[in-house]
Amino acid sequence: MSLLRDKTSVISILEYLPTELFPPLFILAFYGRHSEALKAMVQAWPFVRLPLGGLMQTPHRGTLQAVLDGIDVLVAQQDRPRRCRLRVLDLRNTSQDFWRMWSGYRVHGCSSSLMAQVAEDKSRAERSLAPVVVFIELHLKERTVDRFLTYLIRWVEERKASIHLCCKKLKILSMPMENIMKVLSMVQLDCIQEVQVNCTWHLSTLAVFAPLLGQMNKVQRLLLSHIHVSALDEQEQQHVVQITSQFLRLHHLRDLCMESPSFLEGCLDEMLRCLTTPLDNLAITHCLLSDSDLSHLSQCPNISQLKGLDLSGITLTYSSPELLPVLLEQVAATLQELYLEQCGIMDSHLETILPPLSRCSQLMFFSLRGNLISMAIMEKLLRHTSGLPSLSQELYPVPQESYSSQRILQPGRLAQCRAELFEILRVLGRPRIIWISSSPCLHCGDNTFSHPQPIVYR
């Protein structure tokens, strides 16, 4: 505190200040908004990484400007100060562990996750030709870019040769494509590992974004939701080709999630052909798929190692009855999570998948909520799955016997069904917890299920 009261003293003492005192002194300077001290400390920072985002609960342009001014001085120097090792400025809201550890709140040293993060960022910085790598979180959700990001983008734009702006997780909620393109033109696209497009786009808009996606060749997880198309005419077919062809460049893609992709019907094979690596998780939900789509899916070599499969909201009852069992046979050896919610599944459909389901030896999570099945088939289901050693979470619909002919849930009948299900579990003799819930609430949305209740046998 006394050093910070005299900015000349704090600047002159940095050459001799013990390394362990830099973080607590930096915290005091940051919250006290001592701009000159911050600028000087950046130029003498003895760590590879400065996790500034862990201190910025609310971004403050003045303190950020002081830090960036310090980096400007470093970049302009041919020879760095002896103590300075700074290569990474991290503006993400992470790494509170770093500040707690060096401030004395943690006495057991660095956590393994912190050490791994430091090593990863140092490795990227050393590979980069730029003197400084800046990491940010990109959640694009406004009509215009906020002032904090605007200032940072402008600063990077003026220093393209000496600063690399990186983002590992890109989330787009709502922003005009023109602004998205402007922001991403400043970002090193090959460092992005996760992309979420969580907004309503037309297929033509996604086609404009697709070339940028193709440059994100390190992406491991991709989520696209609510991509709409009115009619799949010749022009829209061309858009599908433009989009799916970019998957050829995503050599690290492991998780693919597509919510309400109305353009996929009849075109799923085009996307599957462009997958270059085996997927760990695949979710295609709340859309229409044809028999040919499901057939191509079950034959796709890149789904044979799936750990998670989600086909919720896809009506599977109109397809050929053998398609779903064939698909489950493909993934039986590795599947750990299976979601078949609101698929229109009834007794006859469920009976066909019981044999392959019983061979899913790694299955841990299984959900059939929102389908219409009877007590008789529920008993068969519980018997077929009782031998799955890892199955620990099971979500099932209330048996149809619990409803009146007008599809009104009858509490008395439900209680009787629950008692029968408990007796089935008791006879099977394996400790088990299953959850049952009534059909989706028509007033609350597709994914709202009323009053899930566990049935516990220990």
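**Exercise 1. Aromatic pairs**

Find how many aromatic pairs the structure holds, and work out how F366 and Y396 are arranged towards each other.

*Solution.* The count for this predicted model comes to 13 aromatic pairs. In the pair formed by F366 and Y396, the ring centres are 6.0 Å apart and the planes stand at 75° to each other. Because planes over 60 degrees apart count as edge-to-face, the angle of 75° places the pair of F366 and Y396 in that class. The next step is to locate the two residues: F366 belongs to strand β15 (residues 365-367) and Y396 to strand β16 (residues 393-397), so that the pair links distant parts of the chain, 30 residues apart. The last step is to look at accessibility, where F366 is buried with a relative accessible area of 0%, and Y396 is likewise buried at 0%.

**Exercise 2. A ring cluster and a charge over a ring**

Name the residues that ring pairs link into a cluster, and then say which residue lies over the face of Y403.

*Solution.* Ring pairs join F22, F26, W45, F47, F98 and W99 into a cluster. Turning to Y403, one finds R407 over the face of its ring, at 3.8 Å from the ring centre.

**Exercise 3. Comparing salt bridges**

For the salt bridge between D280 and R254, and for the one between R383 and E379, give the distance and decide whether each residue is buried, partly exposed or exposed.

*Solution.* Begin with the total, which is 13 salt bridges in the structure. The side chains of D280 and R254 meet at 3.1 Å, taken from N to O. This pair links distant parts of the chain, since D280 sits in the loop between α12 (268-273) and β12 (281-285), while R254 sits in the loop between α11 (234-244) and β11 (255-259), 26 residues apart. With a relative accessible area of 18%, D280 is buried, because the limit for that class is under 20%; R254, at 28%, counts as partly exposed.

The side chains of R383 and E379 meet in a salt bridge at 3.0 Å, again from N to O. Both residues lie in helix α16 (residues 375-385), where R383 and E379 are four residues apart, about one turn of the helix. R383 is partly exposed at 40% relative accessibility, and E379 is partly exposed at 29%. Salt bridges can also share partners, and in this way R49, D90 and R92 are joined into one network.

**Exercise 4. A buried arginine without a salt bridge**

Locate R83, and determine which backbone oxygens lie by the polar atoms of its side chain.

*Solution.* R83 is found in the loop between α5 (61-76) and β2 (88-90). R83 is buried yet has no salt bridge, and the nearest side chain of opposite charge, that of E15, is 6.1 Å away. Because a salt bridge requires the atoms to be within 4 Å, a distance of 6.1 Å does not qualify. Backbone oxygens do lie by polar atoms of the R83 side chain: the one of L14 is at 3.0 Å, and the one of L17 is at 2.4 Å. Setting aside residues up to four places away in sequence, the residues that R83 touches include Y16, P18, F22 and W45.

**Exercise 5. A residue in a strand**

Decide whether V132 is buried or exposed, and list the residues it touches.

*Solution.* V132 has its place in strand β3 (residues 132-135), and at 0% relative accessibility V132 counts as buried. Not counting residues up to four places away in sequence, V132 touches I71, R80, R87, L89, S162, I163 and H164.

Conventions: Residues are numbered from 1 along each chain as its sequence is written. This is a predicted model: local features need pLDDT of at least 70, side-chain atom pairs count only at pLDDT 80 or more; totals for chains, interfaces and linings use all residues. Side-chain values use heavy atoms; hydrogens and water are left out. Buried means under 20% relative accessible area, exposed over 50%, partly exposed in between (1.4 Å probe, protein chains only). Rings of Phe, Tyr and Trp (its six-membered ring) pair if their centres lie within 6.5 Å; planes under 30 degrees apart count as stacked, over 60 as edge-to-face and the rest as tilted. A charge sits over a ring if NZ of Lys or CZ of Arg is within 6 Å of the ring centre and within 35 degrees of the ring normal. Contact means heavy atoms within 4.5 Å. Lys and Arg count as positive and Asp and Glu as negative; His and the chain ends are not counted. A polar contact is a pair of N or O atoms within 3.5 Å; within protein, one must be able to donate a hydrogen and the other to accept it, and residues adjacent in sequence count only if both atoms are side-chain atoms.
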